[in-house]
Amino acid sequence: MISKTLHRRLVIGGAALTATALALTGCGRSSDKTDSAPQATSSVGSDPAKGNLTVWAMGTEGENLPKLTKEFEQANPGVKVTVTPIPWDAAHNKFTTAITAQSLPDAAMVGTTWMGEFADLGALDPTPAGIDTTGFFPGAMDTTKVGGTSYGVPWYVETRLVFYRKDLAAKAGITTPPTDWDGLKAMAKAMQEKAGAKYGINLQPGGTGSWQTVMPFAWSAGASITTDDDKQFTFDTPEMQEGLKYYQSFFTDKLAGTDLPPNQTEAQFVSGQVPMFISGPWMAGSIAKVGGDKIKPNIGVFMLPKNKTATSFVGGSNFVVFKNGKNKDSAWKLVKWLSDAKTQTEWFKLSADLPAVKAAWDDPSISSDPLLPVFGKQLDDAKAPPAIVNWEQVATAFDTEVEKMAKTGQSPADTAKAIQAKASSIGTGG
């Protein structure tokens, strides 16, 4: 997914927006791919990295990464790492242009929704032997897989929880956060009736990025986006309709509203106007910035409620090596080093990016935080869309139909049918 940094800038209604500047155009398979393309590195040796190593990274990650790679250079005196920071809004075009011109760096940070496109274009080197992938959160590791093959590793992760006002929950008679769908609705209703909230929960009523909040409910009901081989879409199913019906019910029952002004989630939370929403870990800092120190003790989080499962959305960014890189061996050594739990912990302290490696969560910098361990627990059951070329176009169609469902009362059955028809028309792009 797009980086946490970008998510922080684009949060609206408790859901993160996907920047239109990053929308993929859904390229088909490259006609330039041939059987003579460089083969994947077979393994990662124990000898030191050496030579010049070029890396691209976006946003604040690109600015902070050189501070970390200095340690890699110290451990490998024969290597020189050059990190090029790239603005998020220019990144996708820069990558696709470089793929066409075969002028890519050795390694790079890549948004998870780009994996299908870049692999389809033959740009990515498959993850070699010697990279231990067993320690990553499963949902995050799945974002590296295209057509059953893993390309790169998860670098950092984020997921979504329900944020709530602990003091207002107590006023509403809620002493224990809910764990199932009925409990979440009951809590939202109690927040209105007993705690004076205008709406019990802030849910995005469609629009850009709403799929990131809606799909977890569909996943929890047993729905899927595609068939196992990622060749066909499976939006029009009873399970998808069940998730959509539950989401819509918050609007029809007036527990969530379509009339809330955008980009005011933090202020609405602090004022108590809307004391619950669903979003990622960056929102704790955003709320504190608006509400000051007095709001901090009253920020609570809990895992998404369970239907068949309690599945959330997993985002973040991956780290990949390019097939045509000039120094692939050293690039994979860097990836292996970045995947070490100690390095992941250092990166968290430097950037606040949550580690993709489970073992790093045992560090006191994370385990002693009042909120972060809940995100870690949620990451054990979190999913991302399949890595297909045309996902961004499909997501836009999904968002449009969800908006009709929330704002005009379009039925969940018709919504699922319309999403399926549009998605099938767009195709997976593979």
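**Strand β12 and its partners, the surroundings of F302, and the α16–α17 contact**

Strand β12 and strand β14 (residues 382–383) are paired in the parallel sense, with two bridges between them. Within this pairing, S312 of β12 is placed opposite A382 of β14. The model described here is predicted.

Two further strands pair with β12, both in the antiparallel sense. Strand β5 (residues 107–111) is joined to β12 over five bridges, and in this pairing A107 has V321 of β12 as its bridge partner. Strand β8 (residues 153–159) pairs with β12 over six bridges; here E158 is matched with G315 of β12. The strand that receives these partners, β12, spans residues 312–321. Ten of its ten residues are buried, and β12 is therefore largely enclosed by the rest of the structure.

A second site examined was F302, a residue of strand β11 (residues 299–302). The relative accessibility of F302 is 5%. Because residues under 20% are classed as buried, F302 is assigned to the buried class. When residues up to four places away in sequence are set aside, F302 is in contact with L161, V162, Y164, P177, P178, L184, M187, M276 and V374. D353 lies 51 residues from F302 along the chain, and the C-alpha atoms of these two residues are separated by 20 Å.

The packing of two helices was also analysed. Helix α16 (residues 391–408) packs against helix α17 (residues 412–426) at an angle of about 160 degrees, and the two axes are 9 Å apart. Since angles over 145 degrees count as roughly antiparallel, α16 is described as roughly antiparallel to α17. The crossing of α16 and α17 is right-handed. On the α16 side, the contact is formed by Q393, V394, A397, F398, T400, E401, V402, K404 and M405. These residues meet P412, T415, A418, I419, K422, A423 and I426 on the α17 side. By residue class, the contact of α16 with α17 comprises ten nonpolar, three polar and three charged residues.

Methods. Residues are numbered from 1 along each chain as its sequence is written. This is a predicted model: local features need pLDDT of at least 70, side-chain atom pairs count only at pLDDT 80 or more; totals for chains, interfaces and linings use all residues. Side-chain values use heavy atoms; hydrogens and water are left out. Helices (H or I, at least four residues) and strands (E, at least two) are DSSP runs, numbered from the N terminus. Buried means under 20% relative accessible area, exposed over 50%, partly exposed in between (1.4 Å probe, protein chains only). Contact means heavy atoms within 4.5 Å. Two strands pair if DSSP finds at least two bridges between them. Axes are lines fitted to C-alpha atoms, for helices over the stretch in contact, and angles run from 0 to 180 degrees between N-to-C directions. Angles under 35 degrees count as roughly parallel, over 145 as roughly antiparallel, 65 to 115 as roughly perpendicular and the rest as oblique. A crossing is left-handed if the near helix is turned anticlockwise from the far one by less than a right angle, and right-handed if clockwise. Ala, Val, Leu, Ile, Met, Phe, Trp, Tyr, Cys and Pro count as nonpolar, Asp, Glu, Lys and Arg as charged, and the others, Gly among them, as polar.
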